[in-house]
Amino acid sequence: MAEARPRVWVSQPLFDDIVGRLDEWFEVDAAREVTAWSPDQVAAKLRDADGAVVTLNEHIGAGEITGATRLRAVANVGVGYDNLDVAALEARGIVATNTPDVLTETTADMAFALLMAAARRVTEGERWLREGRWRQWSFDTLLGGDVHGSTLGILGMGRIGQGIARRGAFGFGMRVLYHNRSRLPVGIESNCRAAWVDFDTLLRESDHLVLVLPYSPATHHVIDSAALAKMKPTATLTNIARGGLVDEAALADALANGRLASAALDVFEGEPAVAPKLLALRNVVLTPHVGSASLATRRAMATLAVDNLVAALGRGPDAGRPPTPITGATTAKR
Ligand code: 8YV
């Protein structure tokens, strides 16, 4: 009797032609529509699966994999993988993969779009115009802060941080400072024209601070009221990493009280819910977690996730060697 084909679960709709490649090797259970899976539903899906392609919507931890005795691989669509308990997966010998590199430049573009929108009050101006409040051109309408020639601060200098640094240094003539747990090799620093500073210096000197570091218990609320108090009142804060990095209540207070000029947030603590205090503010740009959302990049991410799963389950040209395995929870690099 022919050996049964492995079964794989794809948790959310990706691209049909890309997910369709899995049919060559596997029985595929692919979500047809965007679904908010409960932890119990995730556990039930994994119980029947040899492999899974998942997104940040699905938390995969010890509880979800308890009954998943056949599960051998989890391919995350995304570079950040705080939705995976990598230690729990490793303990069970389940391979975990993510999608670095393919989204670096697209996400760096979006960071700049947000930074500029916050600094130059782009979305605030649009809302004001649409509300019919533009009566006559006037000299002091919506005065913002300059981007060119200012100081760009980057917290978390992985691949995306470096892409943002290059845009700032070479595109906008910015002075680029960064903070990372460890200083980068001098060659990378000079490619990005970026200088390492300690965290407090980064907060104090940045005109535009961008968060690009992985989220973990160690980085929870790295931007809290104490950090915000050290920033310039004219500064902007952009977060394209994970919502939990910022104490949103403290940020909303700082924005409301003029202790920070403006912010741009693509990610939130309780996604898809956004704190009402933030929604009520005019000086914050809000986007629905779309940092990597160009068509080409989302296709590249889906392709890489599928390649990872196929290889991790021992099929295809890279059998046994998934292109981008996650090597450990503590070595996360965006
Ligand atoms: C993804 C992201 O779209 O890569 C990441 O870490 O936040 C986004 O680019 C998201 O993770 C989809 O699962």
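This text goes through a predicted model, starting with the ligand and its pocket and ending with two features of the backbone.

The ligand sits in the largest pocket. That pocket has a volume of about 1200 Å³. Its lining is made up of 43 residues, and Thr55, Leu56, Asn57, Glu271 and His289 are the closest to the pocket centre. By class, the lining of the largest pocket holds 21 nonpolar residues, 15 polar ones and seven charged ones. Among the contributors to this lining, helix 13, which spans residues 295-312, gives the most, with three residues.

The shell around the ligand comes next. There are 13 residues around the ligand, and those that come nearest are Val77, Val79, Gly80, His289 and Ser292. His289 therefore appears in two lists, since a residue counts as near the ligand if one of its heavy atoms lies within 4 Å, and the residue is also named among those closest to the centre of the largest pocket. The shell divides into five nonpolar, five polar and three charged residues.

Three side chains place a polar atom beside an oxygen atom of the ligand. For histidine 289 the distance is 2.6 Å. For arginine 242 the corresponding distance is 2.8 Å, and for arginine 298 it is 3.0 Å. Taken alone, the ligand exposes 330 Å², of which the protein buries 91%. Arginine 298 has a number that falls within the range of helix 13, residues 295-312.

The backbone has a cis peptide bond between glutamate 271 and proline 272, with omega at about 5°. Glutamate 271 has already been met as one of the residues closest to the centre of the largest pocket, so the pocket description and the backbone description share this residue. Its partner in the cis bond, proline 272, lies in the loop that runs between strand 11 (262-265) and helix 12 (276-279).

The other backbone feature concerns leucine 142. Its phi is near 50°, which is a positive value in a residue other than glycine. Leucine 142 is also a loop residue, placed between helix 6 (122-130) and strand 6 (151-155).

Terms used:
Residues numbered from 1 in each chain as written. Predicted model: local features only at pLDDT ≥ 70, side-chain atom pairs only at ≥ 80, totals over all residues. Heavy atoms only, no water. Polar contact = N/O pair within 3.5 Å; in protein donor to acceptor, adjacent residues only side chain to side chain. Areas by Shrake-Rupley, 256 points an atom, 1.4 Å probe, with all protein chains shown as cover. 1 Å grid on protein atoms, 1.4 Å probe; cavity = no way out; pocket = protein on both sides within 12 Å on 5 of 7 lines; lining within 4 Å. Sits in = over half its atoms within 2 Å of the grid points. Nonpolar A, V, L, I, M, F, W, Y, C, P; charged D, E, K, R; others polar. Points joined across faces, edges and corners; volume = space filled by probe spheres on them. Helix = DSSP H or I, 4+ residues; strand = E, 2+ residues; numbered from the N terminus.
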